[in-house]
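Reader: Please show me the model, and let us then examine selected local features in turn.

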Amino acid sequence: MNYVRRRTVVLLSGGALIICAYIVSQTIGMKDASSPPPVWLTRTVAGFQFLHAPVLRPEKAPDGFPPIEITVNNGAQAGTLLFTPTTNPFSNGTAQFKPFIAEIDKASGTLIAYRRMATKGYLFQPQPEGYSYAKLEHVGVNGAGHDGVHYISNERLETLYSIRSGVEGGTTDTHEFVRSGVNTIMLISYRKRRQDLTALGGAADALVYDPVIVERSLDGETLWLWDGADHVPVYDAVAGPDVHLNVAPPAIVDHAHPNAISIVDSDHILLSLKHQDCVLKIQKSTGDVVWRMGGPASSCNEFTFVEDAMGGFSHQHSVRSLPNGNILLFDNGTLHPVQESRAVEYEINETDKTARLVWSYANGQFSHAQGSVERLQNGNTLIGWGFATRPFVSEVQPDGTPAFEANLPDGQIVYRVYQGPER
């Protein structure tokens, strides 16, 4: 066989393997979160993301893109919406759509930009350069230990930077990506260690996931690192459907599940720990935890909740520090007596350790995972409903009147929704 023929066979064989891997990934996807696709398969598929070129100002939505129905549009902030639709891995019998990152015009619903994702996309959000988004490369168990890569792109979705955590022995988690400065970012990592959990009903050699926060420059230099193993004990995990302390290796104990970072000021940040029903305020210069604020199921809570019938939050997402010092978050409500998700704003008194509920919004939906909140320039609050889809996004005025709502088909999920600029 001559060289040209051998080379052709190799290319065709490689292409066939890629196609097979892609088909398998689309078939098995993440149907069983306790048995994710093999690492090699997910990374193989994700590695060929370049086969899906970005598309700007398309004439029509691509095949496999879920239809969007705008039901309310009255007084919404002008601009676009950025989100990452994908099919719920736990759904059966619902319409199957492909994963995308997508931007739509709020006024018309017109698709402005999209990129088909070979694996689930995360955190499609505006940046000074254009956009950023995350690509999943290794599916974690029940969302813990995801590993991937973050990208910053220009307005044409052409990659300018690819960013990993750089944490030795750690993952590059896809739950959060915060711009901490002109040339710096903060993100989350998971790191494994062994711990004797027999006192908690677990294994003597349990594999524990600890949260790590890292701040990096855009050129890859690590500037600051906070290791949760020194500050977040396993015994603070709440009893609930997502927390399993009694599993034996190779299963992982995800006792904290970090899912949000928010910058308070130059020396303080907030960290949301879903599996501890707790938000930490961390001082960067010392690494100390200044305080811990948790809902009624939390064992580490230091605060008294005032004027909140739920007594606080449960399995929260998207914690955000507001300019007035208040905290805005998406309360999934997983462990509340009535499971209803809501957006809540608390006024924080750090001296008296009180958290007063000053604003909330719910619409009867329950999302057991994901979800987001964002306070907009016009004073409205943008809410992404995570696993709930009718609507999947709401923009709500301060008096609770919906200014914008849009639906996705049942079975779709969106990790977060972000406001984009006018284009």
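Reader: Which side chain does the side chain of T184 join in a polar contact, and at what distance?

Author: The model is a predicted one, in which local features need pLDDT of at least 70, side-chain atom pairs count only at pLDDT 80 or more, and totals for chains, interfaces and linings use all residues. Residues are numbered from 1 along each chain as its sequence is written, and side-chain values use heavy atoms, with hydrogens and water left out. A polar contact is a pair of N or O atoms within 3.5 Å; within protein, one must be able to donate a hydrogen and the other to accept it, and residues adjacent in sequence count only if both atoms are side-chain atoms. For T184, the partner side chain and the distance are S180 and 2.8 Å.

Reader: Which backbone nitrogen lies 3.0 Å from a polar atom of the T184 side chain?

Author: T184 belongs to strand β11 (residues 184–195), where strands (E, at least two residues) are DSSP runs numbered from the N terminus. The backbone nitrogen lying 3.0 Å from a polar atom of its side chain is that of G181.

Reader: Is T184 buried or exposed?

Author: Buried means under 20% relative accessible area, exposed over 50%, and partly exposed in between (1.4 Å probe, protein chains only). T184 has a relative accessible area of 16%, so the residue is buried.

Reader: What is the sign of phi at S318, and is this residue buried or exposed?

Author: Most residues other than glycine have a negative phi. S318, in strand β20 (residues 317–321), is not a glycine, yet its phi is positive, about 55 degrees. Its relative accessible area is 1%, so S318 is buried.

Reader: Where does K353 lie, and what is its relative accessible area?

Author: K353 is another residue other than glycine with a positive phi, near 55 degrees. K353 is found in the loop between β22 (342–349) and β23 (354–361). This residue is partly exposed, because its relative accessible area is 24%.

Reader: Which residue does a cis peptide bond join to P391, and what is omega?

Author: Most peptide bonds are trans. P391 lies in the loop between β25 (381–384) and β26 (393–396). The cis bond joins P391 to R390, with omega about 5 degrees.

Reader: Which strands are at the edges of the open sheet β1-β5-β4-β3-β28?

Author: Five strands form this open sheet, with antiparallel pairing; two strands pair if DSSP finds at least two bridges between them. An edge strand pairs on one side only, and the edge strands here are β1 (55–56) and β28 (412–420).

Terms used:
Helices (H or I, at least four residues) and strands (E, at least two) are DSSP runs, numbered from the N terminus.
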